[in-house]
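User: Please take a close look at one buried position in this structure and the strand that carries it. Then set that part against the rest of the chain, in one connected account.

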Amino acid sequence: MAGTGFCTLSFADGRVQASEGLHVLAGTTDHIGQQISLEFIEARTHPDDRAALVESFHMLMRDLLPMRRDLRLIREDGTVRQLELRFERLMDDAKRPIGWIICALDRTQEESLRKAMSMMRRRLHAVFERLDVDIAWFSSLDGKFLELIRMSEDLGLPKTPIFTLESWFNSIHPDDRQIVLDSIERRDIYTGEVRVEIAPGEYVPMRNVRYPVADENGQPVEWLGLTSIRRPGHGGVIAEDVASEELLNGPLLRGARNLLGWTIPVLAEQSGVSASTIMRIEEATAPVIEVARRRTAERLTLALTEGGLIFHRTLTGKLAISL
């Protein structure tokens, strides 16, 4: 019941005497009180672990500690038990080694939890890879510890997965540090912008969106944060790639222009594309690449991104825009 069992291995005959607890773990209670052999244990060991079991047994018989400290046992009901093995020499009255006493601890639940956590991490990475953000992170409620989940390669920031508040705070522009301190006191969704040093003396604005991660009672237990660099031409889908997207059409271009507060003449001046061509593109509902040349589309998307617009690809593959 406690998930612990013992057995002894004798140098004299290589036989194993198992405790009741170990038989309970292995599901072999009908053999309680009997000596068992290596073959008996091997038959109940996961096929992928049998070679390691035999090797460990031979090392023990030579009075050497095995390198492998784990073993998977298959019970008669088909369930698998993940065991951790611990070894201690068994001595006689004259302090001479006569075998080993082996403690087996059931780590099945811990191993299951570890695999579940690993799968959760992989799922998080799969989701974050589809988001147009430069940094994805979790932090404690007090903001003292930040764990990076994803970070763009071109930021030049340290690759340390765990940041402390002090190390992150030191990278914030001195004039913006009070904004960070004020945000820590908030207990709801927060959006803010601060300048962060990515090279000595070089600061770039970063927009942070922070969401509470709640427990089963709805109370926040940590924060999920998404951070994007806010500078023209950075973030989102590359302008040249957007130009060839079939999802880029006239209404989306018109929305992008209006989001910047630009008129058609302004976009014409910034892109080098004539106002009449822009008007014709915006009035069409077909993809831009079907209405105009690719180079024309590239000039328009490049001008918009340099003006501060960001094209995003949503989780469903659609195009979206933001500042």
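Analyst: Contact here means heavy atoms within 4.5 Å. By that criterion, and not counting residues up to four places away in sequence, Ser139 touches Phe145, Leu146, Glu222 and Trp223. The model is a predicted one, and the values below are computed from it.

Ser139 belongs to strand β7. Its relative accessibility is 7%, and because buried means under 20% relative accessible area, Ser139 counts as buried. The strand as a whole follows suit: β7 covers residues 135-140, and five of these six residues are buried, so the rest of the structure largely encloses it.

The partners of β7 come next. Strand β8, residues 145-151, runs antiparallel to β7 and is joined to it by five bridges. Within this pair, Phe138 stands opposite Glu147. The two strands make a hairpin with four residues between them, and in the turn Gly143 has a positive phi of about 75°. Strand β12, residues 220-229, is also antiparallel to β7, here over six bridges. Ser140 faces Glu222 across that pairing.

These pairings bear on the contacts of Ser139. Phe145 and Leu146, both touched by Ser139, fall within the span of β8, residues 145-151. Glu222 and Trp223, the other contacts listed for Ser139, fall within β12, residues 220-229. Glu222 thus appears twice: as a contact of Ser139 and as the residue opposite Ser140. In general, the side chains of a regular strand alternate between the two faces of the sheet.

Another set of strands makes a useful comparison. Six strands form an open antiparallel sheet in the order β3-β2-β1-β6-β5-β4. At its edges stand β3 (35-36) and β4 (70-74); each has a single partner strand, so one side of each is left without a neighbour in the sheet.

Inside that order, β6 (residues 97-106) is mostly covered, with seven of its 10 residues buried. On one hand it pairs with β1 (residues 4-10), antiparallel and through seven bridges; Gly5 stands opposite Ala104 there. On the other it pairs with β5 (residues 80-91), again in the antiparallel sense, over nine bridges, and Trp100 is the bridge partner of Arg89. β5 and β6 also form a hairpin, with five residues between them, and Lys95 in the turn has a positive phi of about 65°. β1 in turn is joined by three bridges to β2 (residues 16-18), antiparallel to it, with Leu9 opposite Val16. Helix α3, residues 50-61, lies across β1, β4, β5 and β6 and runs at about 55° to β1.

Further along the chain, the helices supply some of the packing. Helix α8 (residues 250-260) and helix α10 (residues 275-283) have axes that come within 6 Å and cross at roughly 120°. The two helices are therefore oblique to each other. Their contact is made by Gly250, Pro251, Leu253, Arg254 and Arg257 of α8 and by Ile281, Glu282 and Glu283 of α10.

Helix α12 spans residues 294-306. At 1.5 Å a residue its 13 residues should cover 18 Å, and its end C-alpha atoms are 18 Å apart, so the two values agree. Buried residues in α12 are Thr296, Ala297, Glu298, Leu300, Thr301, Ala303, Leu304 and Thr305. Just after the helix, Gly308 takes a positive phi of about 115°.

Ile321, in strand β14 (residues 319-322), offers a contrast to Ser139. Its relative accessible area is 25%, which means that it is partly exposed. Beyond its neighbours within four places in sequence, Ile321 is in contact with Leu252, Gly255, Ala256, Leu259, Leu309, Ile310, Phe311 and His312. One of these, Phe311, is 10 residues away in sequence and 4.7 Å away in space, C-alpha to C-alpha.

For the whole protein, the secondary structure comes to 12 helices and 14 strands. Of its 323 residues, 40% are buried. Among contacts between residues at least 6 apart in sequence, 46% join residues at least 24 apart. The protein exposes about 18,300 Å², of which carbon and sulfur atoms supply 54%.

Terms used. Residues numbered from 1 in each chain as written. Predicted model: local features only at pLDDT ≥ 70, side-chain atom pairs only at ≥ 80, totals over all residues. Heavy atoms only, no water. Buried < 20%, exposed > 50% of the residue type's maximum accessible area, 1.4 Å probe, protein only. Areas by Shrake-Rupley, 256 points an atom, 1.4 Å probe, with all protein chains shown as cover. Expected span 1.5 Å × (residues − 1). Pairing = 2+ DSSP bridges. Axes fitted to C-alpha atoms, helices over the stretch in contact; angles between N-to-C directions. Parallel < 35°, antiparallel > 145°, perpendicular 65-115°, else oblique.
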